[in-house]
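User: I would like to learn how to read the empty spaces in a protein model, and how to read the cover of a helix. Could you take me through them one at a time?

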Amino acid sequence: MDLTPREIADRLAGTGYLADPELATVTFLGLRMQRPLLLEGEPGTGKTALAEAVAEALDLPLVRLQCYEGIDATQALYDWDFARQILHLRALEAAGGAGEVEEAEKSLYDERFLLARPVLAALRQAPSVLLVDEVDRADDEFEAFLLEVLSTYRVTIPEFGTVAATVPPVVVLTSNRTRELHDALKRRCLYHWIDHPGLDREIEIVRSRAPEVAEELARQVVSVVQQLRGAEGANALLKPPGVAETLDWARALHHLGTTEMNLESAAATLGALVKHREDADRVRAALDRLLT
């Protein structure tokens with residue numbers, strides 16, 4: 001795809017995603033070099049949102065694989081529609097066509113019974129964007145499986161054959177770094193750490209993603225959030241808010257008809273900002289100071 005890093009940034013901005021020059025450059029390189037992007041950072045910094053924005057900006061289908069503890073290749077790759085296979089066998093028996101056992105067995109593994117899970121779906125829909133979300137929640141065996149797929153962009157289904165992408169999908173892997181990923185997987189990827197945005201950039205993000213929010217309210221919301229993220233010691237939050245929570249809080253205040261934040265409206269909408277009781281208590285106790 002013949003786009004410059006600046007053009008990538010502009011296209012992402014057109015979807016509401018504001019990428020800094022470094023992130024726009026690594027995204028450009030991932031597209032040009034056909035290499036997966038591995039994005040690490042704190043929750044809520046926009047890792048998943050980048051994959052969504054790339055898909056929208058390039059008008060490509062987005063296929064998402066949500067990782068979790070215990071996920072294996074079957075959940076990521078393919079399965080067979082067992083219920084339909086049974087119905088097919090019964091139909092063959094009713095029609096008197098089940099006599100040839102070998103032919104009946106072959107017919108069970110026809111494409112119409114194949115259930116494409118995210119990885120296979122992304123290979124078959126290429127060009128596409130494959131988002132492997134929170135890969136750090138999966139185990140070592142699943143990492144090895146991903147490494148093999150991302151090295152060849154093809155998978156072999158014993159009963160069916162080999163499926164290869166005609167065009168390698170754009171692959172984005174995200175990690176909250178709950179554990180270290182193996183070097184073999186990292187070497188296959190281009191790496192970027194996404195930090196929380198600074199004050200001015202986060203205000204710009206709110207103004208872009210939630211243009212209905214009053215300018216002064218957006219500035220107040222971001223100012224409070226930035227202070228909360230920087231809190232230390234006894235004032236530190238269990239789960240500092242990410243950009244998604246900033247946007248939720250700004251929109252919640254807007255829906256209350258607020259154009260400038262006050263103590264009452266801020267306290268009433270904390271459920272959009274923090275998701276732990278202890279954090280809500282800490283923020284509520286500090287609102288007087290945070291709003292000055």
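Analyst: What follows goes through pockets, then the enclosed space, then one helix. The model is predicted.

User: Where does the largest pocket lie, and what is its volume?

Analyst: To place a pocket, look at which parts of the chain supply its lining. Here the largest pocket holds about 730 Å³ of space. Domain 1 (5-71 + 117-194) and domain 2 (199-291) both contribute lining residues, so the largest pocket lies between them.

User: Which residues are closest to the centre of the largest pocket?

Analyst: They are G44, T45, G46, K47 and A49, out of 35 lining residues.

User: Which elements supply at least two residues each to that lining, and which gives the most?

Analyst: The elements are α3, β9 (190-193), α10 (199-209) and α12 (243-255). Of the elements, α12 gives the most, with six residues. By class, the lining of the largest pocket has 13 nonpolar, nine polar and 13 charged residues.

User: How is the second largest pocket lined?

Analyst: The same reading applies: volume, centre, elements, classes. The second largest pocket has a volume of about 230 Å³. It is lined by 17 residues, and those closest to its centre are L31, Q34, V167, P168 and V170. Two or more lining residues come from each of α2 and β8 (170-175). The largest share, three residues, is that of α2. The lining of the second largest pocket divides into twelve nonpolar, three polar and two charged residues.

User: How many cavities of 30 Å³ or more are there?

Analyst: A cavity differs from a pocket in that a probe fits inside but cannot get out. The count here is one cavity of 30 Å³ or more. The largest cavity holds about 40 Å³ of space, and its lining is made of I8, R11, L12, T27, L31, V54, A57 and L58. The elements giving two or more residues to this lining are α1 (5-14), α2 (21-33) and α3 (47-58). By class, the lining of the largest cavity has six nonpolar residues, one polar and one charged. L31 lines the cavity and is also among the residues closest to the centre of the second largest pocket.

User: Now the helix. Is α7 mostly covered or mostly open, and which of its residues are buried?

Analyst: Start from the geometry of a helix. An α-helix has 3.6 residues a turn, so residues three or four places apart point the same way. In this model, α7 (residues 118-125) is mostly covered, with six of its eight residues buried. The buried residues are P118, V119, L120, A121, A122 and L123.

Definitions and conventions
Residues numbered from 1 in each chain as written. Predicted model: local features only at pLDDT ≥ 70, side-chain atom pairs only at ≥ 80, totals over all residues. Heavy atoms only, no water. Buried < 20%, exposed > 50% of the residue type's maximum accessible area, 1.4 Å probe, protein only. Helix = DSSP H or I, 4+ residues; strand = E, 2+ residues; numbered from the N terminus. 1 Å grid on protein atoms, 1.4 Å probe; cavity = no way out; pocket = protein on both sides within 12 Å on 5 of 7 lines; lining within 4 Å. Points joined across faces, edges and corners; volume = space filled by probe spheres on them. Nonpolar A, V, L, I, M, F, W, Y, C, P; charged D, E, K, R; others polar. Domains from an automatic or database assignment.
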